[in-house]
Amino acid sequence: MAFDLDLIQKVYAALPEKVGNARKLLGRPLTLAEKILYSHSYETPNHIYQRGKDYVNFAPDRVAMQDATAQMALLQFMTCGREKVAVPSTVHCDHLIQAKTGAKEDLATAIDVNKEVYDFLASISNKYGIGFWRPGAGIIHQVVLENYAFPGGIMIGTDSHTPNAGGLGMIAIGVGGADAVDVMAGLAWELKMPKLIGIKLIGKMNGWTSAKDIILKVAGILTVKGGTGAIVEYFGEGADGLSCTGKATICNMGAEIGATCSLFAYDEKMAGYLNATNRAEIATLADGVREHLRPDAEVYANPEMYYDQLIEINLDDLEPHVNGPFTPDLATPISQMAAALKEHGWPEDVEVALIGSCTNSSYEDISRSAFIAKDAMAKGLTAKSEFTITPGSEMVRYTIDRDGMLDTFDQMGGIVLANACGPCIGQWARHMDDPTRKNTIVTSFNRNFAKRNDGFSSTHAFVASPEIVTAFAISGKLSFNPLKDKLINNKGEEVMLDEPVGFELPPKGFSVKDAGYTAPAIDSSKVQVIVHPHSDRLLLLQPFAAWEGTDLTGMKLLIKAFGKCTTDHISMAGPWLKYRGHLDNISNNMLIGAINAFNMDTNKVKNQLTGEYGEVPAVQRVYKAAHIGSVVVGDENYGEGSSREHAAMEPRHLGVRAIIVKSFARIHETNLKKQGMLALTFNDKADYEKVQEDDVIDITGITTFAEGIPLTMVLHHKDGTTDNVVVNHTYNEQQIEWFKAGGALNVIRQEFADAAAKKATA
C-alpha cells in the first residue's frame, strides 16, 4: 500500500513546470538537487539562490520523528495552537529499546519500562493526525525507506540519519524538533541554500566490496566536517549500478561527513524497490516525470561546471574499508589494516561483531552476510567473536526469517536483537569483565565516537560493511583480510571464505504479518493526550523568557570545551534516553562528556562563586539560582553528530546565554538559534586561547543586533585585564526575531494567537 499517494501525485503533477521555471531562472541546466530544492520553495522563486549564502524558505512534503526526539518535538507542537499537523507526519518507536538478551525479551521489557512514554506518543499522534509506528516495527529510517520515501520529494526528520531516504531520490534532512514543529504547523522551513558536492562513480563493485565501502572512502576524503553546508549528489554509471538500499546506506552515513544530505538520481533500481515494497503506483508516477528526477544531460557531460566540489571514485579499484576507531572518518583499506594495527597499537582481538542497524540492515546486506556465515560453517569454521544481528524493520526481519537466514545466524552462534537502534546509539547492556580494558568491537553501523556504542571509553569501535564485520566475527581478528587470508578450520585445514553472494531484493518478495503501524483517529476531538502529572519521564513545557532588551553582562564562563565536542558529549544518549521528554531531568547530563580545557577532565568545572570544582550541570544550576548567566566556549565543529535538540535546550533551560566556538555543525547551530540562544563564532580562531578559567564575560552589540554585523565578547580576567574579542554570527532577520522573542516557538505561538484573535473579531 502506498501512503499519501495524493500528495505524491500533486508533487509530480507540478514538477515539470516548476523545474522548467527554475531552469529558466538560472539560465542553465540543473543538477537533481537544484530541481528538487527550487520546486519545493515555499514562495515562487524570483531570483537565484546563492549557495552557502542565502537563507531560503522551503515547503517539505513530510516529517518523520523517532521516539526519543519526538517527545520534545510534540511537547512543543501541542503548545502552538493547531488542531492537526499540516503535512503527513509519523512517529517511530525505535530508540528506547535496550539490547540486552534478545529480541523478544528486550521488546517486552521496553514496552513495560517505557509505557508512559509510548502512551504519550500514541495518544498525541492520535490527537494530531500523526501515523504511529509501535515499538518493534523497526528503525525510523528503514521504515521510511520502505513506506514513505519517494523520488523528488523533500522530508525532514528529527534524527541526523534522516538522509537515508536519499537512496530513493529524496532530499531528506535531519533537523531539531523545533524545525519539525514549524513544518507540522504549516509554516515555512528555513535552510541556507546548500552548496553542492558531486561524486561521480565509475566502474562496478565486485567481490567483497559493497556500497558501505563507498561512503567509508568518502568519509576518509572529506572528513567529519567536509560536507558541512552541502548536499552530496552521487551520479554516473557506478551510481546507477548500486541497489536502492545500497544507495540508502551511503546517504545514511553521509551524516558522518556533516552533509546536509546525500542524494541519488531516480533509476531502475529505485523503481524495482518501489515495486517490491508494494508501491508500484509511485514507480509508475515517477517514470512519467523521470527526466525531472535526474540531473540534466549537460550536468553529466560537464559536472565540474555545476558542482562546488567534484570527486571521482572508480569502483573497479575500490577495496573494502575499515573506519575508526573513535571517529568515522579515519579510513583504512583492508589491505592496510594489519599494518595500521601494529602502528597504532589497537587491540587486535574482535570481541563483538555487530551487523544491522538503520545503515546496513537491508535484505541485500543480510543475505550477503548469511551467505558468508553458511559458507564458513560448511568449511568447518565457527564464530570466534560474539555476534549480533539487528534487523532494520519488522518487514525485513519477517522476510529473512522466512528465508532461513535467522536460522543460519543462530547456528553460527549469533544473537538476533530487536528491530530497534540498540547498540548503535548506546542502548546496549554490554557484558564486560573490566570496563577499563582496551578492547575492539566492529560494527556495520554509522558512528563510532568514544562511548557511543557501549558507554566505555576503552572500547575501540570500528565501522565496516556487514560482509567484513561477519568475516571479522568468524576470524576473531581485526587483522584478518578475507580477500587473501586463510583460516584454520576444526579439522586443522587451511580454508578461505568465498566471496559473498546475495540478493538485492527477496526472490519470493517481502512478507510481513504485522508491520506495526497504527493510523490516527479520523475524529480526534475527544482524544486526550496522556501525560502523568507526577512523571519523571515527561514534563509539559513552559515558554522560555524573551530577551531582556540589553547587552548581556556579568556572565560566568561555565566550561571551555577542548577538542571534539559532539552532541553525545553535550547530551549523552544511552541511559539518559529515558528522560528525553523531561527537560529538567535530562538537563542533568548537560556537557558531562565535554573535556574541560583547563584540567583536561570531564564533568569537572570551577564554580566561580565558591572557587570549588563540581559537575557541569550542578555548577550551572548554582548560577541559575543566583540569576547569573553563563557562556560555553568550544572548539571546531561543535555539536557534530546527532540532531538531538536537547543539546541546545538543556543549556537554554539551565541559563546558559551563549555558545561561542571556532565553528559549528549545521544542525546544532540551527537548534541553538531556534531555542533563542546566541550561537557565535570567533572571528579569529586564535582568540579561543584568550579565554581564561575565571573570566567574567560581557557580550555587547546585541541592542543593535543585525544581520551580518559582528558582536563583541569582552573577557574580564581575574588579574583585572580585559580582552575584546570579535565574534561573528549567521543570524538573519527572522532568526534575530527568534532570539528577541525567547525562541522560535514563542514566535509561532504568537502568530497563531494573533490569527485566531483576528478570525474571532472578523
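In the predicted model, R290 is partly exposed, with a relative accessibility of 27%. The side chain of R290 meets that of E268 in a salt bridge, with an N to O separation of 3.3 Å. R290 is placed in the loop between α12 (280-288) and α13 (297-301), whereas E268 belongs to helix α11 (residues 268-276), so the pair ties together parts that are 22 residues apart in sequence. E268 counts as exposed, at 56% relative accessibility. The contact therefore joins a partly exposed arginine, R290, to an exposed glutamate, E268.

A further salt bridge is formed by the side chains of R437 and E351, at 2.4 Å from N to O. Here R437 lies in the loop between β16 (415-416) and β17 (439-443), and E351 in strand β14 (residues 350-356); the pair therefore ties together parts that are 86 residues apart in sequence. R437 has a relative accessible area of 28% and is partly exposed. E351 is likewise classed as partly exposed, its relative accessible area being 26%. R437 also forms a salt bridge with D433, the closest N and O atoms of this pair being 2.8 Å apart. D433 is exposed, with a relative accessibility of 64%. These contacts belong to a network of salt bridges that links E351, R430, D433, R437 and D454. Over the model, the count of salt bridges comes to 37.

Acidic residues also contribute to the surface in another setting. A negative surface patch is formed by E237, E312, D316 and D317. Within this patch, D316 is found in the loop between β11 (309-314) and β12 (321-323). The relative accessibility of D316 is 45%, and the residue therefore counts as partly exposed, since the exposed class requires a value over 50%.

The cysteines were examined for covalent pairing. A disulfide is a covalent bond between the sulfur atoms of two cysteines. The count of disulfides in the model comes to 0. For C93, the closest cysteine sulfur is that of C421, at 11 Å, which is too far for a bond. C93 is buried, with a relative accessibility of 0%. For C251, the closest cysteine sulfur is in C261, and the separation of 7.7 Å is again too far for a bond, because the sulfur atoms of a disulfide must lie within 2.5 Å. C251 is also buried, its relative accessible area being 0%.

Burial was also examined in helix α7. This helix, comprising residues 177-184, is mostly covered, with 8 of its 8 residues buried. The buried residues of α7 are G177, A178, D179, A180, V181, D182, V183 and M184. Among them are the acidic residues D179 and D182. Just after α7, G186 takes a positive phi of about 90°.

Technical notes:
Residues numbered from 1 in each chain as written. Predicted model: local features only at pLDDT ≥ 70, side-chain atom pairs only at ≥ 80, totals over all residues. Heavy atoms only, no water. Patch = residues over 30% accessible without salt bridge, like charges linked within 9 Å, V, L, I, M, F, W, Y side chains within 5 Å. Areas by Shrake-Rupley, 256 points an atom, 1.4 Å probe, with all protein chains shown as cover. Salt bridge = Lys/Arg side-chain N within 4 Å of Asp/Glu carboxyl O. Charge placed at Lys NZ, Arg CZ, Asp CG, Glu CD. Helix = DSSP H or I, 4+ residues; strand = E, 2+ residues; numbered from the N terminus. Buried < 20%, exposed > 50% of the residue type's maximum accessible area, 1.4 Å probe, protein only.
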